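Biologist: Please take a close look at the largest nonpolar core of this chain. Which residues touch the most other members, and which element gives the most to this core? Set it in the context of the whole chain.

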Amino acid sequence: MKTYQLVNNQLELYVKPSSKIGRGFLAFLGLVIFIGPIFGMLLGLSSGNDFHIAYLIGIGFSSLVAYHFYKLFLWNTYGKEVITIDNDKVLYHADYGKFISNKQEHCFENLSFYVKPVGYEKEQVGVLIIEVTDKKFIETVVVLPDETLNEIIEKLLNNVFVKEL
């Protein structure tokens with residue numbers, strides 16, 4: 001499985017898909033959370049209870065929670081982070097497969113790239129940090145081996161589109 005792709009001025013970091021059991025559990029839990037209040041409302045109405053606003057509040061709240069589980073399922077199946085570096089801008093967004101997150105745009109004069117270690121030291125994994133200005137950072141969430149991150153940084157530094165580093 002490829003972990004990243006660097007084409008022209010666009011870097012894509014791919015999420016390692018979780019196990020099928022884990023993704024199945026997320027999908028099942030989201031479905032149960034979504035259908036549960038609807039089933040409860042139908043059961044209550046069929047047993048002769050009056051309709052009240054709590055049914056709609058329960059359905060609305062459970063729909064929001066189920067939507068969150070759907071996003072987790074998509075991220076763990078198709079997720080990737082997309083970083084585009086133009087002449088003086090860095091664009092960042094997360095791609096969930098079916099939809100994308102809000103795009104962030106940062107202007108820069110100089111870029112710096114770092115590897116931030118995560119987890120245990122012996123695992124030697126981390127995330128990529130792009131320093132746009134003194135106080136603005138883009139920190140990726142895709143965890144990759146340190147070797148891969150250093151390779152990505154080297155390719156970014158050697159590419160033509162990153163000029164003054």
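Modeller: Three helices and nine strands make up the secondary structure of the chain in this predicted model. Their order along the sequence is β-β-α-α-β-β-β-β-β-β-β-α.

Now the core itself. The largest nonpolar core has 25 residues. Four of them touch the most other members: L11, I85, L111 and I152. Several elements each supply at least two residues of this core. Among the strands that do so are β2 (10-14), β3 (80-85), β4 (89-95) and β7 (125-131). The helices α2 (53-78) and α3 (146-158) do so as well. The element that gives the most is α3, with four residues.

Next, the chain around this core. Of its 165 residues, 34% count as buried, that is, under 20% relative accessible area. Take the contacts with a separation of 6 or more: 45% of these join residues 24 or more positions apart.

The overall dimensions come next. The radius of gyration of the chain is 21 Å. For a compact globule of 165 residues, a value near 15 Å would be expected. The C-alpha trace spans about 75 × 35 × 25 Å along its principal axes.

Last, the surface and the charges. The accessible surface of the chain is about 10,800 Å². Carbon and sulfur atoms hold 59% of that area. The chain carries 15 positive and 18 negative charges. The mean positions of these two sets lie 8 Å apart.

Methods
Residues are numbered from 1 along each chain as its sequence is written. This is a predicted model: local features need pLDDT of at least 70, side-chain atom pairs count only at pLDDT 80 or more; totals for chains, interfaces and linings use all residues. Side-chain values use heavy atoms; hydrogens and water are left out. The radius of gyration is taken over C-alpha atoms; the globule rule is 2.2 Å times the number of residues to the power 0.38. Buried means under 20% relative accessible area, exposed over 50%, partly exposed in between (1.4 Å probe, protein chains only). Contact means heavy atoms within 4.5 Å. Accessible areas come from the Shrake-Rupley method with a 1.4 Å probe; for residues, only the protein chains shown count as cover. Lys and Arg count as positive and Asp and Glu as negative; His and the chain ends are not counted. The place of a charge is taken as NZ of Lys, CZ of Arg, CG of Asp or CD of Glu. A nonpolar core is a set of buried Ala, Val, Leu, Ile, Met, Phe, Trp, Tyr and Cys residues joined through side-chain atoms within 4.5 Å.
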